[in-house]
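Reader: I would like a close look at one part of this model, the aromatic ring pairs, with the geometry spelled out. Please set them in the context of the strands and helices around them.

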Amino acid sequence: MTTITDVRVHDVRFPTAASGDGSDAINRGDYSATYVELTTDSGPTGAGFTFTNGRGNEITCAAVRALAHHVHGRTVAEIAAEPVAFWRSLTADVQLRWLGPEKGVIHMATGALVNAVWDLRAKLAGKPMWRFLAELPTDDLVASVDFHHITDALTADEAAAILDKGRDGLADRLATLERDGFPSYTTSVGWLGYLDDKVRALTRAAYADGWRAVKMKVGGPLDDDLRRARIIRAEIGPDALLMMDANQVWDVDQAITAMTALAEVDPYWIEEPTHADDVLGHARIARAVTELTGGRCRVATGEVAANRVIFKQLLQAEAIGVMQVDACRVGGVDEVLAELLMAAKFGVPVCPHAGGVGLCEYVQHLAIFDYLRVGAGLDGRMVEYVDHLHEHFVDPVRTRGGRYLLPTAPGYSSTMRPESIAEFRFPDGPAWR
């Protein structure tokens, strides 16, 4: 019986702001991670993290330490036996819940701990996370979902029916992934801080490498956005997909005005066109872009959606045509399961948010599981790819021809290299001296 004997927390930051990597209409940061290690009395170490943007990472680290007593000393078996009770011990802590509830720093810290537990479970089973989840019995998966506050959108019986149906054809879908990999798009071509020549060169290189779906940042001066969009469209041709991400910078009317102009370059989606919590605003924008583009463009959001309840409302209001769950903004694997199942019920494809520090490593497992057991189709499904910081992980993502290759190592691909932790630990690592 494996017992969690210690919870170690590391503040790890990478100096990305200087090069403009990750720049958008709002954010200019140093990509960072609140990195958690769960040591055990026997067997592997569980690794989890939540992604932040530099300053403030110390706050998330403090939140993990404040929640750690809910994990320390627990056995993996008792957590697996009552996963919702464990999850609620973190999300419904009778005092710390006040700092959320189920949102912000405290929820992101919860996600780091919960993901570390799932990584540990998959490692103990000797399976990559996607396979571990896909092979779990329906009852075990349903028992991992907290249906509180979402039963008006998804019941346990409905979830079970989706997962049972997902067993049909699973072997064939797995064979497809083993042969072809999982569809992806790259965001590396179009950060807002990049000059036009760099955007052109990166787009040309990405297309040559096999990427047929690319994303750019928008939300600067509209003339600049349109000029950069024309450059990218010219490089990828009329048949490849071009997505846009405004990172919440616009008001609702501004978003509609901007998309009226940007519709010229045939965008596949507009991501985060307004404030992340504005469900009705997203719904209005979705109706407008559908009319503007004859249904060719859709609204995508979710990377900073705080929890399953926000996703429930986005789906119920028909505010999104693409759901972008974030593996560590919400409360870890348990909550992501709820969101994947709701998306399947409402018929909305999931294209997880990635990039940052380790998000690509995380979400490849979630997207593969979604295809194998929940959504059961690839139509409209892609995983975001950003070519940054993978070298710091023991089991980094692998791509070929614009597609993710299946991870094979046990766990959630979330283990960082010890030398990277030592080098980029803040504030005393050599990179920050």
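Author: What follows goes through the ring pairs, then the sheet beside them, and then a few further side chains and strands.

The model is predicted. A pair of aromatic rings is described by the distance of the centres and the angle of the planes. The count for this model comes to twelve aromatic pairs. In one of them, the ring centres of Phe-49 and Tyr-362 are 4.2 Å apart and the planes stand at 20 degrees, so the pair is stacked; the cut-off for stacking is an angle under 30 degrees. This pair links distant parts of the chain, since Phe-49 belongs to strand 3 (residues 46-52) and Tyr-362 to helix 15 (residues 359-374), 313 residues apart. Phe-49 has a relative accessible area of 0% and is therefore buried. Tyr-362 also counts as buried, at 0% relative accessibility.

Helix 15 supplies a ring to another pair as well, that of Phe-182 and Tyr-371. Here the centres lie 6.3 Å apart and the planes make an angle of 75 degrees, so the pair is edge-to-face; that label requires an angle over 60 degrees. Phe-182 sits in strand 4 (residues 182-190), and 189 residues separate it from Tyr-371. Both of these residues are buried.

Phe-49 and Tyr-362 also belong to one aromatic cluster, together with Phe-393 and Tyr-412.

Strand 3, which carries Phe-49, is part of an open sheet of three strands in the order 1-2-3, with antiparallel pairing. Strand 1 (4-13) and strand 3 are at the edges with a single partner strand each, so one side of each has no neighbour in the sheet. On average, and with direction ignored, neighbouring strands of this sheet are turned by 15 degrees against each other. Nine bridges hold strand 1 and strand 2 (residues 32-40) in antiparallel pairing; Val-12, for example, has Ala-33 in strand 2 as its bridge partner. Helix 1 (residues 57-67) lies across strand 1, strand 2 and strand 3, and runs at about 175 degrees to strand 1.

Aromatic rings also take part in contacts with charged groups. The charged end of Arg-121 sits over the ring of Trp-118, 4.4 Å from the ring centre. Likewise, the charged end of Lys-198 sits over the ring of Tyr-194, at 4.0 Å from its centre.

Another side chain to inspect is Gln-324, placed in the loop between strand 9 (322-323) and helix 14 (333-346). Its relative accessibility is 0%, so Gln-324 counts as buried. The side chain of Gln-324 makes a polar contact of 3.0 Å with the side chain of Glu-271. Leaving aside residues up to four places away in sequence, the residues that Gln-324 touches include the aromatic Tyr-185, Trp-269 and Phe-311. Among its other contacts are Ala-300, Thr-301, Gly-302 and Glu-303, as well as Cys-351, Pro-352 and His-353.

Parallel pairing can be seen between strand 5 (residues 213-217) and strand 6 (residues 241-245), which are joined by five bridges. Met-216 has Met-244 in strand 6 as its bridge partner. Strand 6 is mostly covered, with four of its five residues buried.

Conventions: Residues numbered from 1 in each chain as written. Predicted model: local features only at pLDDT ≥ 70, side-chain atom pairs only at ≥ 80, totals over all residues. Heavy atoms only, no water. Helix = DSSP H or I, 4+ residues; strand = E, 2+ residues; numbered from the N terminus. Buried < 20%, exposed > 50% of the residue type's maximum accessible area, 1.4 Å probe, protein only. Polar contact = N/O pair within 3.5 Å; in protein donor to acceptor, adjacent residues only side chain to side chain. Contact = heavy atoms within 4.5 Å. Phe/Tyr/Trp six-rings, centres within 6.5 Å; stacked < 30°, edge-to-face > 60°. Lys NZ or Arg CZ within 6 Å of the ring centre and 35° of its normal. Pairing = 2+ DSSP bridges. Axes fitted to C-alpha atoms, helices over the stretch in contact; angles between N-to-C directions.
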